[in-house]
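Colleague: Could you walk me through the labels on this one? I'd like each term set against its cut-off.

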Amino acid sequence: MEIATLWPYHAALMIPGFLLLLSSSLIERYLKRKRWWLNAHKMTGLFGAVLFIAGLLMANYMVSVSTGVHFRVPHAYLGALIILLVVTNLILGYAQLKPTSKTAQIRSAHRWSARIALVLILINIISGLLLVGIL
């Protein structure tokens, strides 16, 4: 198998993951007055992160069966950074739910890492589409 036949599976995991993470952010921003917002925010964020991790595993498999050379393009480096941000953001999100003297700082870090991750994800989607020749 080669990248040309496997990249759609990678994209099929990453794009819904991005949409769930974006939805999680929008729920937090615009639906806080709803009683259910926090549960919806947590679930969409968690499922988005799970899809991202699955997409990472698919990318790893895809490269392993084709060239076997990981981290040969900027898309891969940026993807690794994004995965770290997404996982860190999950940890920060759950950490802020336990009130401490650092809760406000944790909340701020959670919000900013989410914003940065979403922007980087958009950039990486474009770089991935350029990589496979769609853009």
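Modeller: Here are the labels, one by one, with the rule behind each.

Modeller: First the ground rules: this is a predicted model, with local features needing pLDDT of at least 70, side-chain atom pairs counting only at pLDDT 80 or more, and totals for chains, interfaces and linings using all residues. Residues are numbered from 1 along each chain as its sequence is written, and side-chain values use heavy atoms, with hydrogens and water left out.

Colleague: What makes the pattern of the protein chain α-α-α-α?

Modeller: The secondary structure comes to 4 helices and 0 strands. Helices here are DSSP runs of H or I with at least four residues, strands are runs of E with at least two, and numbering starts from the N terminus. The C-alpha atoms fill a box of roughly 50 × 25 × 20 Å along the principal axes.

Colleague: Why is asparagine 89 called buried?

Modeller: Buried means under 20% relative accessible area, exposed means over 50%, and partly exposed is in between (1.4 Å probe, protein chains only). Asparagine 89 has 14% relative accessibility, so buried is the right label. This residue is found in helix 3. Leaving out residues up to four places away in sequence, asparagine 89 touches Ala109, His110, Ser113 and Ala114, where contact means heavy atoms within 4.5 Å. Across the protein chain, buried residues make up 34% of the 135 residues.

Colleague: And why does leucine 97 count as partly exposed?

Modeller: Its relative accessible area is 38%, so leucine 97 falls in the in-between class. Leucine 97 lies in the loop between helix 3 and helix 4.

Colleague: Which residues make the nonpolar surface patch?

Modeller: Leu38, Met43, Phe47, Tyr94 and Leu97 make a patch of about 430 Å². Patch members need over 30% relative accessible area and no salt bridge; like charges are joined within 9 Å, and nonpolar side chains (Val, Leu, Ile, Met, Phe, Trp, Tyr) within 5 Å. The areas are Shrake-Rupley values with a 1.4 Å probe, and for residues only the protein chains shown count as cover. Helix 2 gives the most to this patch, with 3 residues.

Colleague: What makes the pair of glutamate 28 and arginine 111 a salt bridge?

Modeller: The rule asks for a side-chain nitrogen of Lys or Arg within 4 Å of a carboxyl oxygen of Asp or Glu. For glutamate 28 and arginine 111 the N to O value is 3.5 Å, so the pair passes. The two sit 83 residues apart, glutamate 28 in helix 1 and arginine 111 in helix 4. Salt bridges with shared partners join Glu28, Lys32 and Arg111 into one network.

Colleague: How close are the atoms of lysine 32 and glutamate 28?

Modeller: Their closest N and O atoms are 3.2 Å apart, so that pair is a salt bridge by the 4 Å rule too. As for exposure, lysine 32 at 39% is partly exposed, while glutamate 28 at 17% is buried.

Colleague: Which residues of the largest nonpolar core touch the most other members?

Modeller: Of its 14 residues, they are Phe18, Leu21, Phe52, Ile82, Val86, Leu120 and Ile121. Helix 1, helix 2, helix 3 and helix 4 each supply at least two residues of this core, with the largest share, 5 residues, coming from helix 3. A nonpolar core is a set of buried Ala, Val, Leu, Ile, Met, Phe, Trp, Tyr and Cys residues joined through side-chain atoms within 4.5 Å.
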